[in-house]
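Colleague: Before we discuss this model further, I should like a close look at one part of it. Please set out the overall fold beforehand, and then take the backbone and the side chains there in turn.

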Amino acid sequence: MYCQVENTTMATIYAKDVGELLKPITWFPPMWAFSCGVVASGSNFFEQAWLILIGLLLTGPLVCAASQAVNDWYDRHVDAINEPNRPIPSGRIPGTWGFKIAVFWSFLSIVVSFSLGYWGIIATLLAVLLAWAYSMPPIRLKNNGWLGNAACGFSYEGLAWITGAIVVANGNFPAYETICLAILYSMSAHGIMTLNDFKSIEGDKQFGINSLPVKLGEKLAAKVSCLTMIAPQVIVTFLLFSWQSNLLGLSLVTLIVLQLILMSYFLKNPRKKALTYSAFGVPLLVTGMMVAASALRFVNVSDGNSFI
């Protein structure tokens with residue numbers, strides 16, 4: 001599929017290139033976090049099926065996709081060095097069409113959020129604002145590896161998790177146990193985001209992007225990434241045992257041990273092995289997210305309060 005667009009000359013934009021710009025592979029983390037929030041809420045899935053489907057659509061194919069388009073537009077010069085085959089630097093998305101797609105997808109996300117009520121609208125507005133603040137000058141949070149990764153971690157994991165819990169609970173603010181898990185896994189997501197920075201070190205150095213691998217050096221950044229991913233999971237494990245969810249707590253211990261084994265290989269050559277760890281280590285972390293969320297369905301959590 002394609003469409004003809006008028007810029008200074010006639011150009012052809014293919015649907016597959018727009019799809020690549022929106023990076024479907026990145027939609028999974030916020031959709032998974034939203035699902036964890038739904039599970040942790042203890043709500044009946046079938047009674048809230050329509051809201052859950054809209055929430056999944058909003059967190060992944062809309063908000064996350066919009067954030068990817070925004071990032072690709074403002075990173076087009078960096079990508080010309082790091083990833084020259086991306087749709088914008090390669091010319092497959094010509095002129096200012098990358099910017100127009102980013103604006104349209106952001107607006108569409110906000111429109112769809114009205115179907116999720118007050119909290120859905122607020123969460124979407126915050127997520128869209130963070131997406132633009134992360135990439136757009138002069139704010140451009142990604143120029144600071146600490147702030148940029150924190151913004152992404154909160155948006156992708158914590159905000160999506162809390163939104164999932166609230167949406168299916170008819171506007172009631174989640175129990176503090178759910179909030180604790182959302183915050184802790186947001187911290188772990190900071191480490192995951194650092195993994196993604198190893199592939200773009202050269203371009204980041206050239207354009208003044210102080211990612212943690214640039215700022216701290218590859219070895220130290222890798223250690224910080226591992227610590228940031230593991231430490232919150234250890235705390236979650238202790239919480240599960242304190243909530244008498246021993247079997248699920250032991251499951252988390254197993255997942256953490258497997259991650260530590262993989263981390264030992266990653267730390268030997270961070271730049272070369274970051275992608276491998278992302279493929280095999282990160283899925284263990286996100287599996288633990290659902291294990292922890294499931295634990296809240298089997299323990300007596302504190303009552304949530306009305307948010308509205």
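**From the whole fold to one loop**

Modeller: For 308 residues, a compact globule would have a radius of gyration near 19 Å, and the protein agrees with this at 20 Å; the radius is taken over C-alpha atoms, and the globule rule is 2.2 Å times the number of residues to the power 0.38. The model is predicted, so that local features need pLDDT of at least 70 and side-chain atom pairs count only at pLDDT 80 or more, while totals for chains, interfaces and linings use all residues. Residues are numbered from 1 along each chain as its sequence is written, and side-chain values use heavy atoms, with hydrogens and water left out.

The protein has 14 helices and four strands, which are DSSP runs numbered from the N terminus (helices are H or I, at least four residues; strands are E, at least two). Its C-alpha atoms fill a box of roughly 65 × 50 × 35 Å along the principal axes. Of the 308 residues, 53% count as buried, that is, under 20% relative accessible area, with exposed over 50% and partly exposed in between (1.4 Å probe, protein chains only). Among contacts with a separation of 6 or more, 72% join residues 24 or more positions apart, a contact being heavy atoms within 4.5 Å.

The part I have chosen is the loop between helix H6 (117–135) and helix H7 (145–167), where Pro138 is found. The peptide bond joining Pro137 and Pro138 is cis, with omega about 5 degrees. Arg140 lies in this loop between H6 and H7, and has a positive phi of about 40 degrees although it is not a glycine. Most residues other than glycine have a negative phi, and most peptide bonds are trans. Arg140 counts as buried because its relative accessibility is 9%.

For comparison, Lys23 in the loop between helix H1 (15–22) and helix H2 (28–41) has a positive phi near 45 degrees. Lys23 counts as buried because its relative accessibility is 18%.

A further buried charged residue is Asp79, in helix H4 (residues 76–82). Asp79 has no salt bridge, and Arg86, the nearest side chain of opposite charge, is 4.8 Å away; a salt bridge requires a side-chain nitrogen of Lys or Arg within 4 Å of a carboxyl oxygen of Asp or Glu. Beyond its neighbours within four places in sequence, Asp79 is in contact with Asp72, Pro84, Arg86 and Pro89.

Terms used. Lys, Arg positive; Asp, Glu negative; His and termini not counted.
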